[in-house]
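Work through the exercises below with the model open beside you. Try each task before you read its solution.

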Amino acid sequence: MRWTQTYIPTLREAPAEAELISHKLLVRAGYIRKLASGIYLYLPLMQRVIQKFSQIVRDEMNAAGAVEVTMSALAPAEVWQKSGRYETAGREQMRLKDRHGRDYVLNGTHEEVITSLVSGELKSYKQLPLNMYQIQIKFRDEIRPRFGLMRGREFIMKDAYSFDADVESHRVSYQKMVDAYFKIFERAGLDSRMVESDTGAMGGESAHEFMVIVDTSAGEEYLLFCDKCDYAANREKATFRDENPPIIDSEEKELEKVPTPGAATIEEVTAFLKVDANRLVKTLIYKAIDDKDNATPIVALVRGDRELNEVKLNNLVKAVELEMADEDFVCEVTGAPVGFAGPVGLKNKEITIYADHEVMALKNVIVGANEADTHYLNANIGRDFEVTETGDLTTASEGDACPNCDGRLVCKKGIEVGNTFMLGTKYSDSMDAKFLNSNGKAMPFVMGSYGIGITRTPQAAVERYHDDGGIIWPKDIAPYSVEVVPLNYKQDNIREAADSIYAKLSEAGVDVLLDDRPERAGVKLNDADLIGCPVRIAIGAKSLDEGKVELKARNSSEVHLVAVEGIVAEIEKTLKTLK
Ligand SMILES: [Zn+2]
């Protein structure tokens, strides 16, 4: 491709709202443009990246026995109502009405649609297992779209759905997808890690995420790995061993109200009362928002030395959205300023109180007294306050003890590029999708679903591989393998050499971009670094006089003078050495 025949609008400046380096670079290098918040246009370079990555995904999905289909982006609300997710999907689901006033959904995932496809038609165990996938646009009404292609309102996904006769067979299907995923990300030049994750809105039995580990601040998710065993989970799921168990008193002591002037934070209260944080119970007030936008207050209790995990909390609360209460709301619920909330004598007696397991084991705890500058000592569950529901509500952090061995958890940032869900019979039960087993008995399908972010993964690659000059693409998802840069295209012999190398490479089947713009050498070389093709051939007057051109790999600072004669072989050799 000649630069002047395509559309690569590079920019000197990054858009002000771009927070991630990968977002900045994709905009600056002319890969994407924003149409509206969370909605992006993929320009010619990005289109090539998407096509290359999609082809890798197709190859490996097909090799794993999955078959490609294309389902509709639009679905009638009834399909989602049948599974019950229309009510629970929350405000992230993009919805619209047609001209007759009927309700529709712009699908964010296709469990319902594919289950309705096979229901009644996929009838026999002899047709199983079956795995169907598609590469298609998805929609999500993000509350705060950000990070470019990472969290958009419209994005491209590969989504696959497996149907099996029983759990054993499903495990085989699941493992095939896991193996395919590792191959896909490896071929895209990315080291991926598979971690346990929360099943979230998808439901089902268990789930994993495939993450690309990044060193920058870009990772949108924290991952915790054990430094000794193979334990790995994201922070929504990770657990840890309690190494700091408090001394549990044998007797319940008398409830006592004490002044704690100005001590609102855990640090201030522990310092003032001269106690360890594990004797305190933190009282956190949240708004549980339902599908009608009503906010109900709820209370969560965790030990003073712990952080609350909102995802784990909402697994119990099951709200459409969970929002930390603001100052006014806290005041309204507890009658006290922030920092002095507590479960004893709450103004609202009906309020639901969720407590972490660790809190349940405590006796004579210190809690806020719902009065400014006041705490209670020796509060006890059952005597002074009641707990409605208990569960694991804490967040694991770097340095915590591994739940499985004596190792330590290490925290890294990662970008989720794929996920896999063991759905069990959640959708086949609710949507009445059954087949006849070998005994002629109607059974629900055991299902799995498997996603890969087709537009997100390339951005994760940019986040992983770049330098001050721009993007450094892994070769198999680069828009072009080689960029030929004639430093002065107006000069006859340079132009002739450039055109000839471009023609030879194209003939040899190498993806090549020729920068035939009448720009200054500096501008072209900067742009070549910015767009990030793995190999650059620069053609200047001085070396060309000796029959040579400059070959440089984007990931190296070394420049090699190579004879024009053997240039194709030399480039092919260089490409082989690159990841
Ligand atoms: Zn371990």
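The exercises go from the whole chain to single residues.

This is a predicted model, in which local features need pLDDT of at least 70, side-chain atom pairs count only at pLDDT 80 or more, and totals for chains, interfaces and linings use all residues. Residues are numbered from 1 along each chain as its sequence is written.

**Exercise 1. The whole chain**

Task: State how many helices and strands the protein chain has, and which domains divide it.

Solution.
- Step 1. Count the elements: the protein chain has 16 helices and 31 strands. Helices (H or I, at least four residues) and strands (E, at least two) are DSSP runs, numbered from the N terminus.
- Step 2. List the domains: domain 1 (3-69 + 106-238 + 411-463), domain 2 (256-391) and domain 3 (480-577). Their bounds come from an automatic or database domain assignment.
- Step 3. Place two of them: the centres of domain 1 and domain 2, taken over C-alpha atoms, are 37 Å apart.
- Step 4. Box the chain: along the principal axes, its C-alpha atoms fill roughly 95 × 65 × 55 Å.
- Step 5. Check burial: 43% of the 579 residues count as buried. A residue is buried if 20 or more other C-beta atoms lie within 10 Å of its own, exposed if 12 or fewer, and partly exposed in between; C-beta atoms are placed from the backbone.

**Exercise 2. Two helices that meet**

Task: Describe how the axes of helix α1 and helix α12 cross, and which residues make the contact.

Solution.
- Step 1. Find the helices: α1 spans residues 21-28 and α12 spans residues 456-464.
- Step 2. Read the geometry: the two axes come within 8 Å and cross at roughly 105 degrees. Axes are lines fitted to C-alpha atoms, for helices over the stretch in contact, and angles run from 0 to 180 degrees between N-to-C directions.
- Step 3. Name the arrangement: α1 is therefore roughly perpendicular to α12. Angles under 35 degrees count as roughly parallel, over 145 as roughly antiparallel, 65 to 115 as roughly perpendicular and the rest as oblique.
- Step 4. List the contact: α1 supplies Ile 21, Ser 22, Leu 25 and Leu 26, while α12 supplies Gln 459, Val 462 and Glu 463. Two residues are in contact if their C-beta atoms, placed from the backbone, lie within 7 Å.

**Exercise 3. The cores**

Task: Say where the largest nonpolar core lies, and which of its members touch the most others.

Solution.
- Step 1. Pick the members: among the 117 residues of the largest nonpolar core, Val 482, Val 484, Cys 533, Ile 537 and Ile 539 touch the most other members. A nonpolar core is a set of buried Ala, Val, Leu, Ile, Met, Phe, Trp, Tyr and Cys residues joined through C-beta atoms within 7 Å.
- Step 2. Find the main giver: helix α2 (residues 44-63) gives the most to this core, with seven residues.
- Step 3. Place the core: domain 1 and domain 3 both give residues to it, so this core lies between them.
- Step 4. Look for another: apart from this core lies one of 30 residues, including Val 299, Ala 341, Val 365 and Val 367.

**Exercise 4. Strand β19**

Task: Decide whether Tyr 376 and Ala 379 are buried or exposed.

Solution.
- Step 1. Locate them: Tyr 376 is in strand β19 (residues 374-379), and Ala 379 is in strand β19 too.
- Step 2. Apply the counts: Tyr 376 is buried because 24 C-beta neighbours lie inside 10 Å. Ala 379 has 26 such neighbours, so Ala 379 is buried.
- Step 3. Check contacts beyond four places in sequence: those of Tyr 376 include Leu 255, Val 344 and Val 367. Those of Ala 379 include Leu 255, Val 344, Val 365 and Val 367.

**Exercise 5. Backbone cases**

Task: Where do Pro 129, Lys 274 and Asp 373 lie?

Solution.
- Step 1. Take Pro 129: its place is the loop between α5 (111-118) and β7 (130-139). The peptide bond from Leu 128 to Pro 129 is cis, with omega near -5 degrees.
- Step 2. Take Lys 274: this residue is in the loop between α7 (266-273) and β14 (281-289). Its phi is positive, near 55 degrees, and it is not a glycine. Lys 274 counts as exposed because it has 6 C-beta neighbours inside 10 Å.
- Step 3. Take Asp 373: this residue is in the loop between β18 (365-368) and β19. Its phi is positive, about 55 degrees. Asp 373 has 16 C-beta neighbours inside 10 Å, so it counts as partly exposed.
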